[in-house]
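Q: I should like to learn how to read a protein model step by step. May we begin with a single residue and then move to the whole chain?

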Amino acid sequence: WGGTDGSHQINFSGTNDMSPNFVWIKERGTNSHWLFDSVRGVQKYLHSNTNAAEATNSNSLTAFGSDSFTIGSEGAINAGGVNFIGWSWKESATAGFDIVSYTGNGANRTIAHNLSPLIPKMIIFKNRARGDNWDTYHHSIGNGSAIFLNSTSAPDDQTLYFNDTTPTSSVFTIGTNTSLNANTEACIAYVFADVQGFSKFGSYVGNGNADGTMIVTGMRPAFVICKNISGTGNWGIKTAKSQAYNGADVTLFANSTGGEGAFSDNKVDLLSNGFKIRTASSDFN
């Protein structure tokens, strides 16, 4: 959408009754990613590209609607004459997505989620109270290491994150690291599971060639995010809304304020049953 400098309701054209619980907004130019959810409440935001604690802005996201969300005059998400993009998720077991709010206690523990009978495949954690990394669990890496949504870092192998324990259909396990379990501090977890024909979480091996790997997802993806887990690399985002045709190198990075046109030759085709890598970039291939 184009920014308006004032209150602006973003409607989900063609979508029936999708009341969003998680909204992720990015200026298509140079600015931070703004993340909101209905559990933490309106006006409370986090930036995926920094380790900053949660903050409040009365002119940011002001309402979650029955088929929309409303933003205020904050320039980073609604400046006049500037283009923005947003992605929204509905919290439900059917969609394979849950938002879990909890208070840390500094001890190894399990926390219940609401995705049963599904097993979480990816969980993104953030301590709301302090400047600390976005610890991320991904089943392809396993329960012994974390990657960080705000960082290019390679996976960090420590039991402090997930206590070397794989999530189940009812709970996930966290360790003692302050970034996801500091005593008395508020934390949030975004919990994702595979849903056939809707969402898929996996891994692939790159070949370093512009004729890259074909990754089968079983549906046409609208949002793809990739991270090099053999070393350092950006969190590359490709979306159907910003990439009007295959062969385009329109890219955003979750860990960067960079605009979508700043990164050349990051081509990924979005296809009917998955996505095809068309770049030798180390971030994707």
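A: We may. Please keep in mind that this is a predicted model. A useful start is to list the contacts of one residue with others distant in sequence. Neighbours within four places in sequence aside, Val42 contacts Leu61, Thr62, Ala63 and Phe64.

Q: Where in the chain does Val42 lie?

A: Val42 belongs to the loop that links strand S3 (33-37) and strand S4 (44-45).

Q: Is Val42 buried, exposed or partly exposed?

A: One compares the relative accessible area with two cut-offs: under 20% is buried, over 50% is exposed, and values in between are partly exposed. Val42 has 32%, and therefore it counts as partly exposed.

Q: How does one read Asn177 in the loop between strand S15 and helix H3?

A: The same steps apply. The loop that holds Asn177 runs between strand S15 (171-174) and helix H3 (178-181). The relative accessibility of Asn177 is 16%, so this residue counts as buried. Beyond residues up to four places away in sequence, Asn177 touches Asp135, Leu160, Tyr161 and Ala182.

Q: How far apart are the C-alpha atoms of Val42 and Asn177?

A: They are separated by 28 Å, and the two residues stand 135 residues apart along the chain.

Q: What should one look for in a nonpolar core?

A: In soluble globular proteins, nonpolar side chains tend to be buried together. Here the largest nonpolar core has 22 residues, and those with the most contacts inside it are Phe22, Trp24, Tyr190 and Phe192. Several strands give two or more residues to this core, among them strand S2 (22-27), strand S9 (97-103) and strand S16 (186-192). A second, separate core has 18 residues, including Ile123, Phe162, Phe172 and Ala193.

Q: Which residues does Phe22 contact, leaving aside neighbours within four places in sequence?

A: Among them are Leu35, Phe36, Trp87, Trp89, Ile99, Tyr190 and Phe192.

Q: How does one describe the chain as a whole?

A: One may begin with its elements: the protein chain has three helices and 22 strands. Buried residues make up 51% of its 285 residues. Of the contacts with a separation of 6 or more, 61% join residues 24 or more positions apart.

Q: Why does the radius of gyration of the protein chain agree with that of a compact globule?

A: A compact globule of 285 residues would have a radius of gyration near 19 Å, and the protein chain has 18 Å, so the two agree. The C-alpha trace spans about 50 × 45 × 35 Å along its principal axes.

Methods. Residues numbered from 1 in each chain as written. Predicted model: local features only at pLDDT ≥ 70, side-chain atom pairs only at ≥ 80, totals over all residues. Heavy atoms only, no water. Helix = DSSP H or I, 4+ residues; strand = E, 2+ residues; numbered from the N terminus. Buried < 20%, exposed > 50% of the residue type's maximum accessible area, 1.4 Å probe, protein only. Contact = heavy atoms within 4.5 Å. Core = buried A, V, L, I, M, F, W, Y, C linked by side-chain atoms within 4.5 Å. Rg over C-alpha atoms; globule rule 2.2 N^0.38 Å.
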